[in-house]
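Welcome! Let us take a walk through this structure together, beginning with the surroundings of the ligand and then stepping back to the whole protein.

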Amino acid sequence: MAGQVSQEIAAPLSEADIRSGIITRRIGLVIHLFQAVDSTNDEAKALAVRGALEGTVVIADAQERGRGRMGRSWTSPPGVGVYFSVILRPAIQPHAAPALSLLGAAAVAEAIEAVAGLAAGVKWPNDLIVRGRKVGGILGEVAAETSHLDYVVLGIGINVNQTEASFEGELRHTATSLRIEAGRLVDRTAMIRSLCESLDRWYNCFLSEGLAPIIERLRQSCLTLGQRVVARSGDQQLCGLAVDLDHAGALLIRDADQRLHRLIAGDVTLTG
Ligand code: BTN
């Protein structure tokens, strides 16, 4: 039995399987699938520099140097996770680009619900949380000149079929996988297809209607709202109550003196 399970987990991703049945306008029309790379974000950025089409997706079965936010690493063992990057080229000002990570978070939450049947919350700006533990994250990277956005790479990591034993150190208390929470193996190919489709829906919606529908969707699943938080951005630290998201996706935090602060990017710890 154990042998069967590990074979099932280790089954490599196939480009033909991923493609079959995906109906999208932009996302995943071109897919580059690798057995192992340093980081799918680095591959996607190299493709973007060479002029790759918007919506081009890079997927790997494993990453040797997966990167997380704030200079952290993203553990990316073979055969169990989704390591996915997509190139976007919206005609927006560079300062508006961080909002695209929120779009990514909304899409990942939807894909998790559709494929694993689990309710996924978003810890602002882009941690995906199931039953209080982190199941996925998004690393958005932007290439821009002063007022021109060249491209954004949204890198998405989802813990799909890891077991408890896969998580070491601090992660044992903070991380989880779809398999652990759903109590069954979850099909990575189905996750990737669903992710392409929900990214495509939200991105098309963003291009035609702007950010408002995404903010509305996130208000429903944002676990940060209504919580006391400690927010860190650069060397600044702020404590207060997270009260809302504004029209641009910034987190609004009210401090002890009732002053409202607007956090565009940063790291947020929930303190209750
Ligand atoms: C975070 O929560 O800190 C963000 C994690 C992002 C991980 C993904 S995996 C695919 C892509 N390639 C990377 O090197 N990182 C992102």
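**Around the ligand**

Sorted by kind, the residues of the shell around the ligand are six nonpolar, 10 polar and four charged. Keep in mind as you look that this is a predicted model. In total, 20 residues surround the ligand, and the closest of them are S39, Q63, R67, R69 and K134.

Where in the chain do the residues of this shell come from? Four elements, α3 (40-49), β3 (81-88), β6 (133-145) and β7 (148-159), each supply at least two of them. The largest share belongs to β6, with four residues.

Now zoom in on a few side chains. In S39, a polar side-chain atom lies 2.8 Å from an oxygen atom of the ligand. For T40, the partner is a nitrogen atom of the ligand, which is 3.1 Å from an N or O atom in the T40 side chain. Turn next to K134, where an N or O atom of the side chain is 2.5 Å from an oxygen atom of the ligand. Each of these pairs falls within 3.5 Å, the cut-off for a polar contact. How much of the ligand does the protein cover? On its own, the ligand has 420 Å² of accessible area, and the protein covers 98% of that. If you are looking for the largest pocket, you have already found it: it is the space taken by the ligand.

**The whole protein**

Let us step back. The protein is built with eight helices and 12 strands. Its radius of gyration is 18 Å, close to the 19 Å that the globule rule gives for 272 residues, so the protein is as compact as a globular protein of that length. Along the principal axes, its C-alpha atoms fill a box of roughly 60 × 40 × 30 Å.

**Two spots in the backbone**

Before you go, visit two loops. Between β4 (121-123) and β5 (127-130) you will find P125, and the peptide bond that leads from W124 to P125 is cis, with omega near 0 degrees. The other loop runs between β2 (57-63) and β3, and M70 is found there. What is the phi of M70? The angle is near 55 degrees, a positive value in a residue other than glycine.

Key
Residues numbered from 1 in each chain as written. Predicted model: local features only at pLDDT ≥ 70, side-chain atom pairs only at ≥ 80, totals over all residues. Heavy atoms only, no water. Near = heavy atom within 4 Å. Polar contact = N/O pair within 3.5 Å; in protein donor to acceptor, adjacent residues only side chain to side chain. Areas by Shrake-Rupley, 256 points an atom, 1.4 Å probe, with all protein chains shown as cover. 1 Å grid on protein atoms, 1.4 Å probe; cavity = no way out; pocket = protein on both sides within 12 Å on 5 of 7 lines; lining within 4 Å. Sits in = over half its atoms within 2 Å of the grid points. Nonpolar A, V, L, I, M, F, W, Y, C, P; charged D, E, K, R; others polar. Rg over C-alpha atoms; globule rule 2.2 N^0.38 Å.
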